[in-house]
Amino acid sequence: MTTDRDRGRAWTFGDDIDTDQITPSRFIVSSDPDELAEHAFEDLRPAFAAEVSAGDYVVAGHNFGSGSSREHAPLSLVGAGVAGIVAQSFARIFFRNALNLGLPVVICPAADRIDDGDDVSIDLDEGSVRNHTTDETYDAESLPEFLQSLVDEGGLKPYTKTKLGTE
Amino acid sequence: MTGKTIAEKILSEKADTDVRAGEYVEAEIDVAMAHDITGPLAFETFDDVTPDDAELFAPERTVFTIDHHAPADGVEAANNHNAVREFAAEHGAHQFDVGDGICHAVLVEEGFVRPGDLVIGADSHSTTYGGVGAFGTGVGSTDLGTALATGDLWFRVPETKRFEVHGDLPTGVYAKDLILKFIGDVGFDGCTYQAAEYGGGAIESLPIHERLVLTNMAIEMGGKTGFVEPDERTAAYLERQADIEYDPDGTTSPDEDAAYESVHTYRATDLAPQVSKPANPENAVDVGAVEGTTVDQLFVGTCTNGRYEDIKLVADVLEGEELAPNVRMVVVPASGSVYRRMLETGVFETLVDAGAIVQNAGCGPCAGYHQGVLGDGDVCLATANRNFPGREGSMDSDVYLASPATVGVSALYGEITDPRRGDPQRYDDVILAEEASS
């Protein structure tokens, strides 16, 4: 089990970032993570796709991922190599989709204290987010045990394979 | 211990254990749905987690639709359509094709959804099914793909917010106005991880096509699902529409002492027609606050308000009239049966005579893909459910949300107009059913 995840750059966003802003709907005829990653946040923040590095974090305000159930949104961030999303709150289906894909989503009330470009890491076991730039640690909500094990297994697909005996 | 909400009752039944809000369960699915955008990714998941000869958990209760890019607007969309057709044929699932209509309209009209069912759809507006008393919820493709194989899925049992409206709704105020008001009051994320229950005399008196509007837009306040308690009206609708026998015996009614997260009570007579300003459904205001806003396009359709009664109401307003010279109007029936009925009853002709463009059944321009996309600076007044930035096209366009009555009357003036200036009708299921049979 990964406990202290690697440090990465924070890409900060505001409240109510909907799925179309994460992955504009004109690109969702594809379901290839790498192709989708090329268009992540394209209208909202065109530099993201070109400059994001594997292991970086998306940091946002309230209601991140609102709107559509389209998994293309979290999948584009998986494709971009995002290590986790830290937000003050998440929309329900996005939260669920991210966990199902094995992408850590961390509810952190103090996410607004993180500035764009800060050096951050998350500790899922302890339920905390570390801001190495400011040398601060913020409390985060721990996942229920069932969901934590889902993420640890790599998402819903590996979990289901175990359940069906089709590994 | 207190009684149960509708959500707690249905999930207890489907998980075969007594559960309450906050608990996690694995529950049995009754119906699963995906469409041309979310289907292909779900099929990949299904193929990934199952052996080569795997079967669907219940082909007779698995439904795929082709509605979002219908007809195909490009080669990739066409290939997605073919993927849906091939997977459905291979596994014996129900498949609706181009022109049959939007998943949420079709599933209800064709009788796939029954009160008390647990329905998952790979589309966020799957909350719609609560309009006939089912637990409908939107999921992603990974959820859907695994559930196609296992027939069950994990759920957190939601807390419930109850919205009660008492008294008779005034002229010009419809279910759409109620839901915009609710979303405005609790906020865009006011019901996140929760269920919405709608009740009270004004809700009970709503015909089914209006109840479906309330539940469709539960997601616009973050809701996991939404319910109108199924009753005799639901039973009559199901029998008429799909020859389904249903006895409203109270098994999907909330207990009188159910524990709610909160209860929001309204007097119907206090309510005015609502409009949600760009770029969030929670920006709901009384229509008077935005009256006079010039519009370029009017859009009547979507899984929210593309039903026959909605479109007929607009046609009534436009009968013998012409659209204001500064506007264009796009009308997209929610299903093929609505389209055919528009032809049979003259609604189609009325709309075309007034200058509207009537398209094939499907999602139309709702999500900005095609068939009426907005350009820079365009302003649209829509019966849709979302008005996010760029939702129907350009990031520099604006979408206002309103009821079909408000959209219809506004089309005559070329600006957002109080629907009460046009004396709009209100349709009941039964009246329209009689019209159809005569």
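This section describes the interface between chain A and chain B in a predicted model, together with selected aromatic pairs and buried residues.

The size of an interface is often given as the accessible area lost when the parts come together. For chain A and chain B this buried area is about 3,700 Å², with carbon and sulfur atoms giving 57% of it. Within the part that chain A buries against chain B, A:Val29, A:Arg92 and A:Arg96 supply 21% of the area, more than any other three residues. In terms of residues, the contact draws 43 from chain A and 48 from chain B.

Polar and charged interactions also cross this interface. Between chain A and chain B, 22 residue pairs are in polar contact, both residues of each pair being at pLDDT 80 or more. On the side of chain A that touches chain B, two or more residues each come from helices α1 (19-22), α4 (72-79), α5 (92-100), α6 (145-152) and α7 (156-164) of chain A. Of the elements of chain A, α7(A) gives the most to the side that touches chain B, namely seven residues. When sorted by class, that side of chain A comprises 16 nonpolar, 15 polar and twelve charged residues. Six salt bridges are found across the interface of chain A and chain B. A salt bridge is also formed by B:Glu26 and A:Lys163, whose closest N and O atoms are 3.0 Å apart.

Two residues of chain B illustrate how buried positions in its helices make contact with chain A. B:Asn80, which is placed in helix α3 (residues 75-91) of chain B, counts as buried because its relative accessibility is 11%, below the 20% limit for that class. Apart from residues up to four places away in sequence, B:Asn80 touches A:Val29 as well as B:Asp36 and B:Pro40. A:Val29 is itself one of the three residues that together supply 21% of the area chain A buries against chain B. The C-alpha atoms of B:Asn80 and B:Asp152, which are 72 residues apart in sequence, lie 26 Å apart in space. B:Ser141, in helix α5 (residues 141-150) of chain B, is likewise counted as buried, its relative accessibility being 1%. With neighbours within four places in sequence left aside, the contacts of B:Ser141 are A:Glu71 from chain A and B:Thr38, B:Leu41, B:Ala42 and B:Thr45 from chain B.

Aromatic pairs number 26 over all chains. One of them joins A:Trp11 and A:Phe48 in an edge-to-face arrangement, with 5.0 Å from centre to centre and 75° between the planes. This pair links distant parts of the chain, since A:Trp11 belongs to strand β1 (residues 8-12) of chain A and A:Phe48 to helix α3 of chain A, 37 residues apart. Both A:Trp11 and A:Phe48 are buried. A:Phe48 also forms an edge-to-face pair with A:Phe13, for which the centres are 6.3 Å apart and the planes meet at 65°. Here too distant parts of the chain are linked, A:Phe13 lying in the loop between β1 and α1 of chain A, 35 residues from A:Phe48 in helix α3 of chain A. A:Phe13, like A:Phe48, is buried. A further group of rings includes residues of both chains, for ring pairs link A:Phe64, A:Phe90, A:Phe94, A:Phe95 and B:Tyr193 into a cluster.

A:Trp11 also has a place in the surroundings of A:Val52, a residue of the loop between α3 (47-51) and β2 (57-60) of chain A. A:Val52 touches A:Trp11 and A:Ala80, residues up to four places away in sequence not being counted. Although A:Val52 and A:Trp11 are 41 residues apart in sequence, their C-alpha atoms are 8.4 Å apart in space. A:Val52 is classed as buried because its relative accessible area is 15%, under the 20% cut-off.

In chain B, B:Val275 is found in strand β12 (residues 274-276) and is buried, with a relative accessible area of 0%. Beyond its neighbours within four places in sequence, B:Val275 is in contact with residues including B:Leu180, B:Val285, B:Val290, B:Tyr400, B:Leu401 and B:Ile416. Between B:Val275 and B:Gly288, 13 residues apart along the chain, the C-alpha separation is 9.0 Å. Helix α12 (residues 336-345) of chain B holds the buried residues B:Gly336, B:Val338, B:Arg341 and B:Met342. B:Gly346, which follows α12(B), has a positive phi, near 85°.

Definitions and conventions. Residues numbered from 1 in each chain as written. Chains lettered and ligands numbered in written order. Predicted model: local features only at pLDDT ≥ 70, side-chain atom pairs only at ≥ 80, totals over all residues. Heavy atoms only, no water. Contact = heavy atoms within 4.5 Å. Buried area = accessible area lost by both parts, 1.4 Å probe. Salt bridge = Lys/Arg side-chain N within 4 Å of Asp/Glu carboxyl O. Polar contact = N/O pair within 3.5 Å; in protein donor to acceptor, adjacent residues only side chain to side chain. Helix = DSSP H or I, 4+ residues; strand = E, 2+ residues; numbered from the N terminus. Nonpolar A, V, L, I, M, F, W, Y, C, P; charged D, E, K, R; others polar. Buried < 20%, exposed > 50% of the residue type's maximum accessible area, 1.4 Å probe, protein only. Phe/Tyr/Trp six-rings, centres within 6.5 Å; stacked < 30°, edge-to-face > 60°.
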